[in-house]
Amino acid sequence: MAGLTNRLLRAKNVFTSSSSSILRISRSFSSSSSSVTPNNKDRSNVHWVFLGCPGVGKGTYAGRLSSLLGVPHISTGDLVRHELSSSGPLSQKLAQIVNQGKLLSDEIIFSLLSKRLESKEANGESGFILDGFPRTIKQAETLEEVTHVDLVINLKLREDVIIKKCLGRRICSQCGGNFNVASIDIKGENGGHGMVMAPLLPPPNCESKLITRSDDTEEVVKERLRIYNEMSQPVEEFYRRRGKLLEFDLPGGIPESWPKLLQALCLDDNDKKQSATA
């Protein structure tokens, strides 16, 4: 108990304005804290983090691993979009920040995250796969204070492909499904490997209901990438120094990248067979 109290005191010093949110986060994280390696037989309590620039596919791969391992996928992007769709007092402020391609303050992120973690604890969920958090060195330091992170997966993809992917994103206004109409076929130069990423098209009943995210314009996407690249290097180095960073260059679309990601995470063939039906 003394160790937890000390961690809370140090965390509160990082974000004084949001100390109550950090306190709730610490309680939720600490209740399921453990040290788990990727090839452990009991992977239902893994504590993993996905890093990567906006549009790289963090949500796609984190979601698949969440289903495979049976642990909650907690996406700060989804939390923000849920808040934006509400009529809460925060939604208007969020809309202005997001539409400009800027990063949300640590106080806002911790507030949204604390709500999700309280729900996780109430539902008896264990473990987590965080997606979109931490994005700043202060967030990484605070997360380190309140819980143990087993592994940090840093997804990488060339910038021109990311821009095409972001501009191709579509959402079904009825079911909330995420799709992508971009068809990427980049030829390799000087004998190098090219890249093919097929579009993720919607079913017929969703085709007429597709909408584009308001922040998926070329100007905003490029601004998000600029800010992310500026902020991400210290976070990557933070986890690299601790021996927790797994760099993974996406070789293509899901059919090519997913099996290789499983291999990098030491997940066995049986897991691959299960994921093929997902």
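**Exercise 1. Work out whether Asp 216 and its salt-bridge partner are buried or exposed, and which parts of the chain the pair connects.**

Solution. Asp 216 has a relative accessible area of 5% and is therefore buried, a value taken, like every other value here, from a predicted model. The next step is to identify the partner: Asp 216 forms a salt bridge with Arg 169, and the closest N and O atoms of the two residues are 2.9 Å apart. Since Asp 216 sits in the loop between β9 (210-211) and α9, while Arg 169 belongs to strand β5 (residues 169-172), the pair ties together parts that are 47 residues apart in sequence. Arg 169 has a relative accessible area of 19%, and because buried means under 20%, this residue also falls in the buried class. Finally, the pair can be placed in its surroundings, as salt bridges that share partners join Arg 169, Arg 213, Asp 215, Asp 216 and Arg 224 into one network.

**Exercise 2. Determine which elements the salt bridge between Arg 242 and Glu 144 ties together, and classify the accessibility of Arg 242 and of Glu 144.**

Solution. A search of the whole structure finds 16 salt bridges, one of which joins Arg 242 to Glu 144, with the closest N and O atoms 3.8 Å apart. Arg 242 is located in the loop between α9 (218-241) and β10 (245-249), and Glu 144 in helix α7 (residues 137-146), so that the pair ties together parts that are 98 residues apart in sequence. For the accessibility, Arg 242 has a relative accessible area of 36% and is partly exposed, and Glu 144, with 26%, is partly exposed as well.

**Exercise 3. Characterise the salt bridge between Asp 160 and Arg 158 by its N to O distance and by the accessibility of Asp 160 and Arg 158.**

Solution. The side chains of Asp 160 and Arg 158 meet in a salt bridge with an N to O distance of 2.9 Å. Asp 160 is partly exposed, its relative accessible area being 33%, and Arg 158 is likewise partly exposed, with a value of 41%.

**Exercise 4. Describe the environment of Thr 76, beginning with the element to which this residue belongs.**

Solution. Thr 76 is found in helix α4, which covers residues 76-85, and with a relative accessibility of 6% Thr 76 counts as buried. When residues up to four places away in sequence are left aside, Thr 76 touches Ile 109, Asp 131, Gly 132 and Phe 133. For Gly 132 a polar detail can be added, since a polar atom of the Thr 76 side chain lies 3.1 Å from the backbone oxygen of Gly 132.

Terms used:
Residues numbered from 1 in each chain as written. Predicted model: local features only at pLDDT ≥ 70, side-chain atom pairs only at ≥ 80, totals over all residues. Heavy atoms only, no water. Salt bridge = Lys/Arg side-chain N within 4 Å of Asp/Glu carboxyl O. Helix = DSSP H or I, 4+ residues; strand = E, 2+ residues; numbered from the N terminus. Buried < 20%, exposed > 50% of the residue type's maximum accessible area, 1.4 Å probe, protein only. Polar contact = N/O pair within 3.5 Å; in protein donor to acceptor, adjacent residues only side chain to side chain. Contact = heavy atoms within 4.5 Å.
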